[in-house]
Amino acid sequence: MCYHDGRSVEKTYWTVHQLDRLDVFDYENSEYGRKAVIAASVQQPPRKIVKVVSQICLHEERIGEHEFFMLDYINIFKPIISKDFYEVCRKHKLNLSVTEVGNVSI
């Protein structure tokens, strides 16, 4: 990695590889735009994408061992991280700006 003038930067940087996209969004308990139409498309494809979300609920049993992932079929471009992953980041003083997910349903 280098500056625009070609000089090398002083620090080492890493890129995150494409994260797994999990189909764990709880369509029944989450709050989002066009809820009836989108929820129906889950059972009768083609699957519609959720574009406006006001409250996220997740199916925890479908997450498995994933600690860092994206939501599939949801137009949210921020990754979801587990509490354990967040605690490790805090322990190592990695300054993350995070918001707790609304609910996790089982």
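This report covers the charged pairs, surface patches, cysteines and backbone features of a predicted model.

## Salt bridges

The structure holds four salt bridges. Three of the pairs are described here, including D5 with R7. Side chains of opposite charge can pair when their charged atoms come close.

D5 pairs with R7, and their closest N and O atoms are 2.9 Å apart. D5 is partly exposed, at 46% relative accessible area. R7 is also partly exposed, at 47%.

K35 forms a salt bridge with E31. Here the closest N and O atoms lie 3.9 Å apart. The cut-off is 4 Å, so the pair counts as a salt bridge. K35 is partly exposed, with 26% relative accessibility. E31 is partly exposed too, at 37%.

## A link between distant parts of the chain

R21 forms a salt bridge with D72, with 3.7 Å between the closest N and O atoms. This pair joins distant parts of the chain, since R21 and D72 are 51 residues apart. R21 sits in strand β1, residues 21-22. D72 sits in the loop between β5 and β6.

Are these two residues buried, partly exposed or exposed? R21 has 38% relative accessibility, so R21 counts as partly exposed. D72 has 21%, and it also counts as partly exposed. The buried class ends at 20%, so D72 falls outside that class.

## The negative patch

E65, E67, D84 and E87 form a negative patch on the surface. Two of its members can be placed in detail: E65 and D84.

E65 belongs to the loop between β4 (57-59) and β5 (68-71). Its relative accessible area is 73%, so E65 is exposed. E65 also comes 9.6 Å from S82, C-alpha to C-alpha. In sequence, E65 and S82 are 17 residues apart.

D84 lies in helix α2, which spans residues 83-91. D84 has 54% relative accessibility and therefore counts as exposed. The cut-off for exposed is over 50%, so D84 passes it.

## The loop after helix α2

The loop between α2 and β7 (103-105) contains L94. K93 lies in that loop as well.

K93 is not a glycine, yet its phi is positive, at about 60°. The residue has 74% relative accessibility, so K93 counts as exposed.

L94 joins L96 and V98 in a nonpolar surface patch. Together the three have about 230 Å² of accessible area. L94 itself is partly exposed, with a relative accessible area of 47%.

## Other backbone features

Which residues does the cis peptide bond join? It joins P45 and P46, with omega at about 15°. P46 is found in the loop between α1 (35-43) and β3 (53-55).

Y73 has a positive phi, near 70°, and is a residue other than glycine. Y73 sits in the loop between β5 and β6 (80-81). Its relative accessibility is 28%, so Y73 counts as partly exposed. D72, the partner of R21, is in the loop between β5 and β6 too.

## R34 and K48

R34 lies in the loop between β2 (31-32) and α1. R34 has a relative accessible area of 54%, so this residue is exposed.

How far apart are R34 and K48 in sequence and in space? They are 14 residues apart in sequence. Their C-alpha atoms are 9.8 Å apart in space.

## Cysteines

How many disulfides does the model hold? The count is zero. A disulfide is a covalent bond between the sulfur atoms of two cysteines. The count rests on a cut-off of 2.5 Å between cysteine sulfur atoms.

C2 and C57 can be set side by side. C2 has 47% relative accessible area, so C2 is partly exposed. C57 has 2% relative accessibility, so C57 counts as buried.

How values were computed
Residues are numbered from 1 along each chain as its sequence is written. This is a predicted model: local features need pLDDT of at least 70, side-chain atom pairs count only at pLDDT 80 or more; totals for chains, interfaces and linings use all residues. Side-chain values use heavy atoms; hydrogens and water are left out. Patches are made of residues with over 30% relative accessible area and no salt bridge: like charges are joined within 9 Å, nonpolar side chains (Val, Leu, Ile, Met, Phe, Trp, Tyr) within 5 Å. Accessible areas come from the Shrake-Rupley method with a 1.4 Å probe; for residues, only the protein chains shown count as cover. A salt bridge is a side-chain nitrogen of Lys or Arg within 4 Å of a carboxyl oxygen of Asp or Glu. Lys and Arg count as positive and Asp and Glu as negative; His and the chain ends are not counted. The place of a charge is taken as NZ of Lys, CZ of Arg, CG of Asp or CD of Glu. Helices (H or I, at least four residues) and strands (E, at least two) are DSSP runs, numbered from the N terminus. Buried means under 20% relative accessible area, exposed over 50%, partly exposed in between (1.4 Å probe, protein chains only).
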